[in-house]
Each structure stands twice: as C-alpha cells, then as structure tokens.
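Biologist: I'd like to go through this one with you and ask how each label is earned. Can you take me through it?

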Amino acid sequence: MTTACLIVAAGVGARAGDGGPKQYRMLGGKPLLRWSVERLVADPAIDEVRVVIRPEHRTRHDAAVQGLAIGEPVIGAEERQGSVLNGLEALEQETERVLIHDAARPFVTAAVTERLLAALETSDGAGPALPVVDSLRKGTDRIEGEITRTGLNRVQTPQAFRFAPLLSAHRAAAPGATDDAEIARAAGLSVALVPGDEDLFKVTYPEDFDRAERLLSGRGFRTGTGFDVHRFEPGEHVTLCGVRVPHDAGLSGHSDADVGLHAITDALLGAAAQGDIGDHFPPSDPQWVGASSDRFLAHARDLVAAAGGAVEHIDVTLICERPKVGPHRAAMRQTIASILRVPEGRISVKATTTERLGFTGRGEGIAAQAAATIRI
C-alpha cells in the first residue's frame with residue numbers, strides 16, 4: 001500500500017518573531033524543517049515525502065533538506081488549504097494513503113504514524129490528539145464562565161487519510177478552511193482520534209524555540225556495542241568501513257563482508273534496542289548475497305531517526321595484522337559520516353593488532369568492535 005507524506009512549509013511564521021521564516025530557522029544545529037523531514041523519510045511505513053513551499057523559499061528548502069531522499073517540492077498557495085490541495089494534486093494518483101504534517105512540529109515519531117495508519121483500517125482519516133486536562137474558563141481579563149473539558153482534545157499533526165477521499169474533500173472545501181481533519185469531516189468522512197504525543201507541539205512563538213531546545217538538551221543518551229569477524233578467502237581486496245582496500249586476500253561473507261560496517265550497524269541497532277543485524281538481514285535470505293554493507297548501516301540509521309533519535313558518536317576498532325588501516329583511515333571516517341549523515345568529527349576509526357596472538361594474529365581474518373552513542 002503506497003503511503004505519501006506532505007509537509008506543509010509554505011507559511012512565513014510571523015508569530016515566531018525575527019529571524020526569517022521559522023521553518024528554516026536553526027534548532028539544535030539544523031533547520032526546523034529538517035527535523036520532520038529526517039524522521040518521516042526514515043519511517044519505513046512512508047514511501048514518499050514532499051514539502052510544500054513558497055516559491056521564493058526554494059533555495060532555503062534545498063539547503064535544509066540536502067542529502068535527504070525526498071521528492072521535488074510543491075509550490076504552495078497563500079492559504080494553508082490551497083497549499084495542501086496543491087500538494088495532493090502533485091502526488092501520484094496511485095497513492096493510497098497520505099499524511100499531512102506541519103513543518104513547525106519537529107518531533108514526530110514513527111510510533112505516532114503507526115497509530116495513525118492503523119486507524120485507517122476502519123476510518124477515512126485519523127489525527128493524533130491529547131485530551132484537555134486543564135480547567136477551561138471563558139473571559140478576557142476576568143472569569144465569565146466555565147467550559148466543560150469533557151470530550152475536548154488538542155489535535156496535532158501529522159494527520160492521516162485515505163488519499164482519494166481527502167483529495168475530493170479538499171477540492172470541495174470552503175475557502176478559509178485550515179484543518180484537514182475538519183475538511184474531511186465536513187465532506188462526510190470519518191476521522192478517528194489516536195493518542196498523540198506531548199513532544200509533538202507546534203513551534204509558533206519565539207519561546208517555543210526555547211522549549212524545543214530544552215527538550216533536545218534533556219534527551220537521554222544510549223550506547224550500543226557491536227562485534228564482527230570475517231575470515232580471509234582468495235581475493236585481491238577487502239572492504240573495510242565502506243572503503244576498498246587492496247590486499248592479497250578477500251573476506252568471506254554472505255554480503256560484502258565489511259567487518260567494520262557490520263560492527264557499527266550492530267552497535268547502532270543495540271543502542272536503539274532493535275535487535276541485531278541478523279534479525280534485519282538474515283544470512284539465509286538470498287537477496288543479501290554480495291550486498292553492499294552501506295545498506296545495512298543506512299537501515300540502522302533510519303531506525304534510529306524514526307524513533308526520534310540522532311547519532312552522536314561512532315567509535316570502531318579494526319583488529320588485524322594486515323592490511324594496514326592507517327593510509328585509509330581518513331576515507332573510512334568520511335564514508336561512515338556520509339552514510340550516517342553526521343559531521344566527520346563524530347566518527348572515530350582505529351586499528352590494532354593482537355600481537356600475533358589468536359586467529360587475527362595468525363592472519364586468518366579480521367575482527368572489528370564498535371561503540372555507538374545516540375541521543376534519544
């Protein structure tokens with residue numbers, strides 16, 4: 001079932017104060033928009049992500065999402081409803097489900113999207129919501145009356161819908177409509193509520209950036225470790241940490257036997273509590289014969305991102321008597337950083353020997369151990 005996601009980023013964010021359009025202002029070292037894009041691109045349930053933008057923001061958009069696998073941006077309209085409609089019209093008609101998300105809600109997680117898409121089994125649409133828990137009172141400068149909070153909810157995004165009914169609803173929507181769930185409901189569609197997330201707040205005012213920064217600084221660290229071994233076999237090179245290293249032997253393995261990337265992959269999966277590399281890429285599956293191990297590491301990276309995490313540091317040690325790792329260390333660091341989409345300064349590659357002891361000392365193969373730290 002094909003699932004697309006539209007991220008609406010065609011506003012100017014005037015209420016957020018000075019500093020330019022809020023979706024392109026920096027949060028935790030990267031543009032606000034990029035937080036949502038990274039997490040939604042990494043979500044395995046989503047096949048396509050596209051951003052709806054103002055035409056004059058194209059350069060800012062391209063810089064914000066550089067390196068991420070998303071579709072061409074869609075030019076929005078002056079009003080939100082028109083922007084969403086433009087985005088829907090731009091999607092392939094084979095799309096079956098669509099998520100609509102606000103760029104100003106950076107902390108979306110795969111857990112929320114999973115609940116939304118599950119609700120589409122029995123409803124035309126679904127939105128994440130949190131029940132109102134504070135007492136509500138009418139009035140401006142003094143209390144004039146009470147409003148019961150029973151049945152009241154704070155609705156968030158992303159909101160999920162069956163694609164064709166939502167497109168029809170937007171085509172028929174009244175001018176000025178803003179909420180996609182209400183547009184769907186006005187068209188007679190059923191819209192379910194699923195549990196939202198307190199962290200999925202909308203960055204609207206200047207102080208919301210401070211709140212988001214505090215949330216980022218308060219996230220916890222997790223560390224995972226990985227270890228891998230491959231024996232030598234006849235060949236003319238080995239692949240270590242994504243780099244082809246000339247050698248008088250190759251490494252035996254179901255994939256390309258990149259012992260370094262395998263150890264890092266396991267370390268990241270461990271940090272994210274997502275099992276091990278064999279769970280995701282079983283050696284009994286013929287599709288992984290000879291596979292490039294950067295695919296394994298990218299998968300682990302995406303699982304971390306989909307859970308709302310970020311890679312903070314990687315430390316990998318290659319254990320062998322030969323080949324010499326030193327001449328290739330810089331290329332290895334660069335390759336790992338590129339795959340993980342992090343600064344090279346967060347990657348450490350080391351090498352050691354076992355003083356001629358054990359199977360590595362006898363030159364029978366190569367081992368690697370890795371530690372990965374993520375913030376989540």
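**Labels and the values behind them**

Modeller: Sure, starting with one pair: Arg 356 and Glu 321 form a salt bridge, and their closest N and O atoms are 3.8 Å apart. The two sit in distant parts of the chain, 35 residues apart: Arg 356 is in the loop between strand E18 (347-352) and helix H12 (358-361), and Glu 321 is in the loop between E17 and helix H11 (329-340). Keep in mind that this is a predicted model.

Biologist: Why is the pair of Arg 356 and Glu 321 called a salt bridge?

Modeller: The cut-off is a Lys or Arg side-chain nitrogen within 4 Å of a carboxyl oxygen of Asp or Glu. For Arg 356 and Glu 321 the closest N and O atoms are 3.8 Å apart, so the pair meets the cut-off of 4 Å.

Biologist: And which of the two partners is buried, and which is exposed?

Modeller: Buried means under 20% relative accessible area, and exposed means over 50%. Arg 356 comes out at 62%, so Arg 356 is exposed. Glu 321 has 17% relative accessibility and therefore counts as buried.

Biologist: What makes Glu 38 and Lys 30 a salt bridge?

Modeller: Their closest N and O atoms are 2.6 Å apart, and the limit is 4 Å. Both partners count as buried, because Glu 38 has 19% relative accessibility and Lys 30 has 17%, with the line drawn at 20%.

Biologist: What does the pair of Glu 312 and Arg 375 tie together?

Modeller: Glu 312 forms a salt bridge with Arg 375, with 3.5 Å between the closest N and O atoms. Glu 312 lies in strand E17 and Arg 375 in strand E19, so this pair ties together parts that are 63 residues apart in sequence. Arg 375 counts as buried, since its relative accessibility is 17%.

Biologist: How many salt bridges does the rule give?

Modeller: The count is 21. Some of them join up: Arg 80, Asp 102, Arg 105 and Asp 180 are linked in a network of salt bridges.

Biologist: How do you know that Cys 320 isn't in a disulfide?

Modeller: A disulfide needs two cysteine sulfur atoms within 2.5 Å. The closest cysteine sulfur to that of Cys 320 belongs to Cys 241 and is 10 Å away, so it is too far for a bond. By this rule the count of disulfides is zero. Cys 320 is buried, because its relative accessible area is 4%, and Cys 5 is buried too, at 0%.

Biologist: What makes E13 and E19 paired strands?

Modeller: The rule asks for at least two bridges. Strand E13 (residues 221-233) and strand E19 (residues 365-375) have 11, in the antiparallel sense, so they pass. One of those contacts puts Thr 225 opposite Ala 371 in E19 as its bridge partner.

Biologist: How many bridges join E13 to E16?

Modeller: Two, with E13 and strand E16 (residues 250-251) running antiparallel. That meets the cut-off, because at least two are needed. Here Glu 233 has Gly 250 in E16 as its bridge partner.

Biologist: Why do E16 and E18 count as edges of the sheet?

Modeller: The sheet is open and mixed in its pairing, with five strands in the order E16-E13-E19-E17-E18. E16 and E18 each have a single partner strand, so one side of each is left without a neighbour in the sheet.

Biologist: What lines the two largest pockets, then?

Modeller: The largest pocket has a volume of about 710 Å³. Its lining has 29 residues, with Val 8, Gly 11, Arg 80, Asp 102 and Lys 202 nearest the centre. Strand E1 (3-9) and helix H3 (80-90) are the elements giving two or more residues to that lining. By class, the lining of the largest pocket has nine nonpolar, nine polar and 11 charged residues.

The second largest pocket holds about 590 Å³. Among its 28 lining residues, Lys 30, Glu 38, Ala 310, Arg 341 and Arg 346 lie nearest the centre. H1 gives the most to this lining, with six residues. The lining of the second largest pocket divides into 12 nonpolar, four polar and 12 charged residues.

Definitions and conventions:
Residues numbered from 1 in each chain as written. Predicted model: local features only at pLDDT ≥ 70, side-chain atom pairs only at ≥ 80, totals over all residues. Heavy atoms only, no water. Helix = DSSP H or I, 4+ residues; strand = E, 2+ residues; numbered from the N terminus. 1 Å grid on protein atoms, 1.4 Å probe; cavity = no way out; pocket = protein on both sides within 12 Å on 5 of 7 lines; lining within 4 Å. Points joined across faces, edges and corners; volume = space filled by probe spheres on them. Nonpolar A, V, L, I, M, F, W, Y, C, P; charged D, E, K, R; others polar. Buried < 20%, exposed > 50% of the residue type's maximum accessible area, 1.4 Å probe, protein only.
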